Structures are given as C-alpha cells and as structure tokens.
Amino acid sequence: MTRTPLRLAVIEAEKILAAAGVDSPRVDAELLAAHVLGVERGRLPLVPLVDPSVVDAIGKLVARRAAREPLQHITGSGWLGSIPLVVGPGVFVPRPETDLLLEWGLSVSPQAPVVVDLCSGSGALALAFANARPDAVVHAVELDRVALSWARRNADIRGEAGDTPIRLHSGDVTDPKLLASMDGTVDLVLCNPPYVPDGTPVPPEVADHDPDIAVFGGADGLDVIKSVISCAARLLKPGGWVGVEHDDSQGDSVPQLLSARRVMSEVEDHVDLAGRPRFTTAQRRP
Ligand SMILES: C[S@@+](CC[C@H](N)C(=O)[O-])C[C@H]1O[C@@H](n2cnc3c(N)ncnc32)[C@H](O)[C@@H]1O
C-alpha cells in the first residue's frame, strides 16, 4: 500500500477548489482534510503520510465542495462566538460577520439581561449569547419550521454541554403581538434578519443551499428589518438596546429607519473588518 504525503493531497484539493471558484480554496482544502482525519486544522502538519482510503475520502468531500456545497454542510457544523452549531439543509449557515453583532450585544448588556434573538435560524446568536453569559435569560424566535428544528437540536446540545437553556419560540416578527407579554421588559434585542434585496445575484452556496426565506428581504431588502424595528421598539425596556445586522448597501437606510422612531436614540452604524457597513444599533430612550 503506497502512502501519500498529506501535503500533496491538500495541494491537489486546493487546485480543484480554486478551479471551481471557491473563495478560500486553501483553507477549505485544509479544513476538509482535517475533518476526514478528525484532527484540528492546526495539527495537519503533524500528519505526514496518509493511506489511499484517506486520500479517497478527502477527494469525495472536495468534489462536493467543488460543486459549491457549503463547507459547513459537508462538515456538519458552523460556528458563532465560541460555540459550534450543527447545520445542514434547510437552515442558514452562521457567518463570521455576525460575531461582531454578538460582541457588541455582550458589551452593552447589564447584569442578568433579558435578551431576544429575532430570526434565530440555527439558534446561533441566542446560544452563543447564553454560552458567554450564563446569567442571561435568552429567548429565540424563528418562523421557519425546519430552521426551528435545527435550533432545537443546537439548544439540546448546548444544554447538555452545561449552558443556561434558552427559550425557543415559533413566531413571526411581522406579527404585532409577537411575545406581547414581554413588552417593555427586554434589555437587548439582537437580529440577523433576511436582508438581501430580491434579485441580487448570490454565490451558488447561498442560492442553492441557504433557504430563500433566510436571505431575501423584499425589493429593497428592508421588509423584515422594518418589522424587527417595530418589534424591538415594543419589547425593549427604557434604556434597552437593539442591534440589527444588514446588507452593506443599507448603511444609511437602516439607521434612518431607527432614527425615525421617536422612542429610539443613540442610533449608530457599525462597519466590519473590511470597513463595510454591517449592523446598526440603537437605544430605547431611557
Ligand atoms: C439570515 S438568517 C439568520 C439566522 C441566524 N440569526 C444566524 O445569524 O445565523 C434569517 C432567519 O430569519 C428567519 N425569518 C425570516 N423571516 C422571518 C419572520 N418573519 N419571522 C421570524 N423569522 C424569520 C429565517 O427563517 C432565517 O432562519
């Protein structure tokens, strides 16, 4: 049996992924190899030679990634903050840029905060918040039945890992009575809603694998965001905060929508590491 240097298998994988138009072919090749070997990516240099069966297994996963299946669907997990999340068909894959919204939310939270994550998808923001802040009471709202079942799986996993359990709600942010019993009691509303303007070209990973309901937000992408702002204005206690992620084309429109609410103050837009407008925050007037 001829063993192959892992380095060569990874270089070959990288070439295939680059030719398929994958954004980060080297990183993805290494992560797929690490997944097959069951080691962390940083430990790959400690694996000099691999059996043909390993090369074969890496090749199969590389072929799926070259067909533009999301990396996280192939490995079965994504990340937000410090926690892994199981993801797959029917649920939005958490993105690294949402870490910024999470960090901001953690930075403005008082002791024992009541937090609501609207449009929760896999439960990413709610569960990452609960992991970082065991004293928080965290609610998560999601409309889509399939996404909600992924959120339930993640909530069970995090509960078993010892995190404070979150409260999952099946609900629609456009419903003016959503969580009405909590009106005026919430310290922090976080939301990564569907915000891409309808008809915007998106990469195959998004077009073919993220559900449309998770991505597109109407002609200007603001349909769901408008409801999120109304909902936040109602739920927040005086002095409470809201943070809403948005498209990089909405760095003016989302702050304008929040500023138009008399109950909202301290409206501020935040950029990501590349300097693109990424999320807007505001405080309910104390
Ligand atoms: C961009 S994804 C974000 C998911 C998660 N917050 C994250 O950051 O990974 C938006 C989510 O909003 C949900 N959604 C869309 N419209 C909704 C509505 N009217 N009410 C509640 N959830 C909604 C979608 O099903 C999807 O799971």
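This short presentation describes the surroundings of a ligand in a protein model, and then a few selected residues.

Good morning. Please keep in mind throughout that the model is predicted.

I begin with the ligand. Which residues come nearest to the ligand? Among the 18 residues around it, they are Cys119, Glu142, Asp172, Asn192 and Ala214. By character, the shell around the ligand consists of 10 nonpolar, five polar and three charged residues.

Let us now turn to individual atoms. The side chain of glutamate 142 has an N or O atom 2.6 Å from an oxygen atom of the ligand. Two other residues take part through their backbones. In leucine 143, a backbone N or O atom is 3.3 Å from a nitrogen atom of the ligand. In valine 173, a polar backbone atom is 3.0 Å from a ligand nitrogen atom. How much of the ligand's accessible area does the protein cover? On its own the ligand has 600 Å² of accessible area, and the protein covers 97% of it.

Next, I consider an annotation. An unreviewed UniProt entry lists Asn192, Pro193, Pro194 and Tyr195 under "binding site". Asn192, as mentioned, is also one of the residues that come nearest to the ligand. I shall look at two of the listed residues in more detail.

Proline 194 sits in the loop between strand 8, residues 186–191, and helix 8, residues 204–209. Is proline 194 buried or exposed? Its relative accessible area is 7%, which is under the 20% limit, so proline 194 counts as buried. Beyond its neighbours within four places in sequence, proline 194 is in contact with eight residues that include Cys119, Ala214 and Phe216.

Tyrosine 195 is likewise found in the loop between strand 8 and helix 8. Tyrosine 195 is buried because its relative accessible area, 11%, is under 20%. Setting aside residues up to four places away in sequence, tyrosine 195 touches Val215, Gly217, Glu245, His246 and Arg278, among others.

For contrast, consider aspartate 208, which lies in helix 8. With a relative accessible area of 58%, over the 50% limit, aspartate 208 is therefore classed as exposed. Its C-alpha atom is separated by 28 Å from that of leucine 37, and the two residues are 171 residues apart along the chain.

Finally, I turn to helix 6, which spans residues 124–132. How many of its nine residues are buried? Seven are, and the helix is thus mostly covered. The buried residues include Leu125, Leu127 and Phe129, together with alanines such as Ala124 and Ala130.

Thank you for your attention.

Conventions. Residues numbered from 1 in each chain as written. Predicted model: local features only at pLDDT ≥ 70, side-chain atom pairs only at ≥ 80, totals over all residues. Heavy atoms only, no water. Near = heavy atom within 4 Å. Polar contact = N/O pair within 3.5 Å; in protein donor to acceptor, adjacent residues only side chain to side chain. Areas by Shrake-Rupley, 256 points an atom, 1.4 Å probe, with all protein chains shown as cover. Nonpolar A, V, L, I, M, F, W, Y, C, P; charged D, E, K, R; others polar. Buried < 20%, exposed > 50% of the residue type's maximum accessible area, 1.4 Å probe, protein only. Helix = DSSP H or I, 4+ residues; strand = E, 2+ residues; numbered from the N terminus. UniProt positions renumbered as here; feature names shortened; annotations may be inferred. Contact = heavy atoms within 4.5 Å.
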